[in-house]
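Biologist: I'm new to this one, so could you walk me through a single part slowly? I'd like a close look at the aromatic residues, but please start with a quick word on the cysteines.

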Amino acid sequence: MADEAARAHALKTFEILCKALDSHEWKYDKNEEGLVIDCGARGDDLPMPVKIRVREDRQLVCLVSHIPIEVPENKRIETAAAVSMVNYRLLNGCFEFDIQNGRLFFRMSTGFMGTVLSEEVFSYMLFVSLRIIDDYNDKFEALANGTIGLDAFLPQDQE
């Protein structure tokens, strides 16, 4: 019975997420069985692929965007430091960096256990995430390809 209730709550959350996207006339692909939305946008510079997953098991909605850059091994320590500095300043969401393979992601999540999330929450998650990603993805790319060093990355970030 508890599993059925959790599934029903997750499905309702997914439905509200889709309504939020529809209200903005957002183009997306959905997997209703897996409770997954695939979409994206193009910012000022790089594409921003987005996957939003409603996690029934954890009663959590998680937005993840893979930053489409490859950080070479010789730039990974600098990138890890830059990620740490950016995350310290963010109020919502965070960048995740895998120092082993050089992959960079942005993630924002929110729980829905015992509550019903509004369309506004999903709009906020999407548009704030896209703004943060667009603000930083070109800086991470420049750091990864050696156009700038950590010393140039950090002063631009200080506000």
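Modeller: Sure, cysteines first: this is a predicted model, and there are zero disulfides in it. Take Cys39, which is in no disulfide; the nearest cysteine sulfur belongs to Cys18 and is 10 Å away. Cys39 counts as buried, at 14% relative accessibility. For Cys62, the closest cysteine sulfur is in Cys94, and at 8.8 Å that's too far for a bond. Cys62 is buried as well, with a relative accessible area of 14%.

Now the aromatics. The structure holds six aromatic pairs. In one of them, the ring centres of Phe95 and Phe106 sit 5.1 Å apart with the planes at 70 degrees, so this pair is edge-to-face. Phe95 belongs to strand 5 and Phe106 to strand 6, so the contact ties together parts 11 residues apart in sequence. Both are tucked away: Phe95 is buried at 3% relative accessibility, and Phe106 is buried at 0%.

Those strands, residues 94-98 and 103-111, also pair with each other, antiparallel, over five bridges. Glu96 stands opposite Phe105 there. Four residues lie between the strands of this hairpin, where Gly102 takes a positive phi near 80 degrees.

Over in the helices, Phe140 and Phe153 make a tilted pair, 5.2 Å centre to centre with 40 degrees between the planes. Phe140 is in helix 3 (residues 119-144) and Phe153 in helix 4 (residues 150-157), so this pair links parts 13 residues apart in sequence. Phe140 is buried at 0% relative accessible area, and Phe153 is buried at 0% too.

Finally, put it together: Phe95, Phe106, Tyr136, Phe140 and Phe153 form one aromatic cluster.

Conventions: Residues are numbered from 1 along each chain as its sequence is written. This is a predicted model: local features need pLDDT of at least 70, side-chain atom pairs count only at pLDDT 80 or more; totals for chains, interfaces and linings use all residues. Side-chain values use heavy atoms; hydrogens and water are left out. A disulfide is a pair of cysteine sulfur atoms within 2.5 Å. Buried means under 20% relative accessible area, exposed over 50%, partly exposed in between (1.4 Å probe, protein chains only). Two strands pair if DSSP finds at least two bridges between them. Helices (H or I, at least four residues) and strands (E, at least two) are DSSP runs, numbered from the N terminus. Rings of Phe, Tyr and Trp (its six-membered ring) pair if their centres lie within 6.5 Å; planes under 30 degrees apart count as stacked, over 60 as edge-to-face and the rest as tilted.
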